Amino acid sequence: MVRAGLATLLLTVSSLVAVTGIDGVGRSTASAAPVAHSYAGSGVMGFGDAPQETTPSGTLGSVMTAMAATPDGRGFWLAGADGGVFASGDAPFEGSLGGLRLTGPIVAIAGTPDGNGYWLAGLDGGVFAFGDAGYYGSLGGIRLAQPIVGMASTADGRGYWLVAADGGVFTFGDAGFFGSTGGMPLAAVVTGMAATADGQGYWLVAADGGIFTFGDANFLGSTGGKPIPDSIVGMATTPGGKGYWLVGWDGSIYTFGNAPPLGSTASTKPLSPVSAMAATPDGNGYWLLEPDDWNYFFTGASPYALSTSASITSIAASQVEGDPDLGQGAYCNPYGPCEAWCALFATWVWRQSGVPIPAYPFTGSMYSWVAGHGRLLAPWALAAPGDAVLYGTGPQSTASSVHTGIVAQVWPDGAIVTIEGDAGPAPSGQLSVIINGPFLPADSNRENGFPIYAFGQPTA
């Protein structure tokens, strides 16, 4: 996400719409099976002098969460939630965690100054070093107030910082502590950080675009307090720290200082969620990471699974699409009538897997059906892949039961990845099927704009 490689992921879902419909009334879905429309991009979009390098092809087993550029800007690394690392351009592959069972998902990657190594950081604060990257400690096994969301390395590569969602900063090696927002009331969650070129300061960026400066990091402006279409998910800096870019979940780019506007993905159709960015070292280019551009088959990581888990998650993942608009008006979708359709999507997925649930347009009706035919889990319980995640405060009405999705992956620390219909960084009525996460269910209100009130399993 920045010079020396910083990346972060918090796929917020601030633009999700509340489900509308009549409680308990089922609707039949379209007779023809929906056709998935995978996002057509390569997963990484380059702007300015950032070269369009090759990216992984085929089907991936875990969502892409982070990226970092090489020192000369001729390549980059990508990291998946499972610790898989993919090297493009002149970025050397120095190893990965693929196949190793992790406690929590990987959410950040940072490269060494010479480009011959990198660190991976997990949501739980675990740190893993590869190549000439030195290991200077981690937060693995320590109970954190908030999850880790970003990472940056020092100028000499002999230390690194981790930042948590509350803005708490943790230092390792020769990384200096210059302050944090830990313990301060924030208007929005912190989503990442960037270090100054000399390693004597850093910036923190929040989801509303608020910028917090520490050490010799200069404040050059922010979007804090201003209306923006979607949450800010990352930042990158220009050489010398005289400018920086902020990137929104919808691909919008905001420039400050001497950071030039080089383009964005906000005007593309369909809109593909952006989760991170990385800049070239001359300040004349950057890449945007669009994780939903890949096809996924979610396996591994989950502590346990139901007999229907593999079928449900496979079908849900096959529907991650770019444009549900059928040319019939707002909210038109392949799963039912032209109305808010997150529950229509979730019930369609279950039915395709053999679960005999009606095509409910209201999420609260899913809760009621599960209460009589499956098993309800508390929001703090460990979910299973294939479960429905029910957002809001309760099943009583559309005002309290506002959204739903399908759990695709569950990590031992409880973090989940979901697949959700009628969601994404597009205007209401033009939303699609997206991948959301990884995030901790307890943090859903902060990450998604509403809490989780239950999980529903289709079978007991």
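Is Leu 220 buried, partly exposed or exposed? In this predicted model, Leu 220 comes out as partly exposed, since its relative accessible area is 30%, which sits between the 20% and 50% cut-offs. The residue belongs to the loop that runs between strand 14 (211-215) and strand 15 (232-237). Setting aside neighbours up to four places off in sequence, Leu 220 makes contact with Gly 241, Lys 242, Gly 243 and Tyr 244, and also with Phe 256 and Gly 257. Take Gly 241 from that set: 21 residues separate it from Leu 220 in sequence, while the C-alpha to C-alpha distance is 9.6 Å.

Now for the overall picture. The protein is built with 26 strands and 4 helices. Of its 460 residues, 60% are buried. Among contacts with a separation of 6 or more, 56% link residues that are 24 or more positions apart.

Strand 6 (residues 106-111) offers a buried example in Ile 109. Its relative accessibility is 0%, so Ile 109 counts as buried. Ile 109 and Gly 83 lie 26 residues apart along the sequence, with 9.6 Å between their C-alpha atoms.

A loop residue can be buried too, as Thr 154 shows. It sits between strand 9 (148-153) and strand 10 (159-164), yet the relative accessible area of Thr 154 is just 4%, so it falls under the 20% cut-off for buried residues. The side chain of Thr 154 has two polar partners to report here. One is the side chain of Asp 174, joined to it by a polar contact of 3.0 Å. The other is the backbone nitrogen of Arg 158, which the Thr 154 side chain reaches at 3.3 Å. Beyond four places in sequence, Thr 154 touches Pro 113, Gly 159, Tyr 160 and Trp 161, along with Asp 174 and Ala 175.

Next come the cysteines. The structure has 1 disulfide, formed by Cys 332 and Cys 338 with their sulfur atoms 2.0 Å apart. The torsion about this S-S bond is about 100 degrees, so the disulfide is right-handed. Its two ends differ in exposure: Cys 332 is buried at 3% relative accessibility, whereas Cys 338 is partly exposed, with a relative accessible area of 40%. Just before the disulfide in sequence is Tyr 331, in the loop between helix 1 (309-318) and helix 2. Tyr 331 has a phi near 65 degrees, a positive value in a residue that is not glycine, and counts as partly exposed at 25% relative accessibility.

Helix 2 (residues 342-352) has 9 of its 11 residues buried, so the rest of the structure largely encloses it. The buried set runs through Cys 342, Ala 343, Leu 344, Phe 345, Ala 346, Thr 347, Trp 348, Val 349 and Trp 350. Within that set, Cys 342 has a relative accessibility of 1%. Just after helix 2, Gly 354 adopts a positive phi of about 95 degrees.

Helix 3 (residues 363-373) also has a buried side, made up of Thr 363, Gly 364, Ser 365, Met 366, Trp 369 and Val 370. Helix 2 is one of the elements covering these residues, and the cover also includes strand 21 (375-377), strand 22 (388-392), strand 23 (401-410) and strand 26.Two further backbone details deserve a mention. Most residues other than glycine have a negative phi, and most peptide bonds are trans. Asp 422, in strand 24 (residues 416-423), has a positive phi near 55 degrees, and its relative accessibility of 1% means that it counts as buried. The peptide bond from Gly 437 to Pro 438 is cis, with omega near 10 degrees, and Pro 438 is placed in strand 25 (residues 432-439).

Finally, there is the largest pocket, which holds about 590 Å³ of space. Its lining consists of 29 residues, and those nearest the centre are Arg 143, Asp 413, Leu 440, Ala 442 and Asp 443. By type, the lining splits into 18 nonpolar, 7 polar and 4 charged residues. Helix 4 (444-448) and strand 26 (452-457) each contribute at least two residues to the lining of this pocket.

Notes. Residues are numbered from 1 along each chain as its sequence is written. This is a predicted model: local features need pLDDT of at least 70, side-chain atom pairs count only at pLDDT 80 or more; totals for chains, interfaces and linings use all residues. Side-chain values use heavy atoms; hydrogens and water are left out. Buried means under 20% relative accessible area, exposed over 50%, partly exposed in between (1.4 Å probe, protein chains only). A polar contact is a pair of N or O atoms within 3.5 Å; within protein, one must be able to donate a hydrogen and the other to accept it, and residues adjacent in sequence count only if both atoms are side-chain atoms. Contact means heavy atoms within 4.5 Å. A disulfide is a pair of cysteine sulfur atoms within 2.5 Å. On a 1 Å grid over the protein atoms alone, a cavity is a set of points where a 1.4 Å probe fits but cannot get out, and a pocket is an open set with protein on both sides within 12 Å along at least five of seven lines; lining residues have an atom within 4 Å of a point. Grid points are joined across faces, edges and corners, and a volume is the space filled by probe spheres set on the points. Ala, Val, Leu, Ile, Met, Phe, Trp, Tyr, Cys and Pro count as nonpolar, Asp, Glu, Lys and Arg as charged, and the others, Gly among them, as polar.
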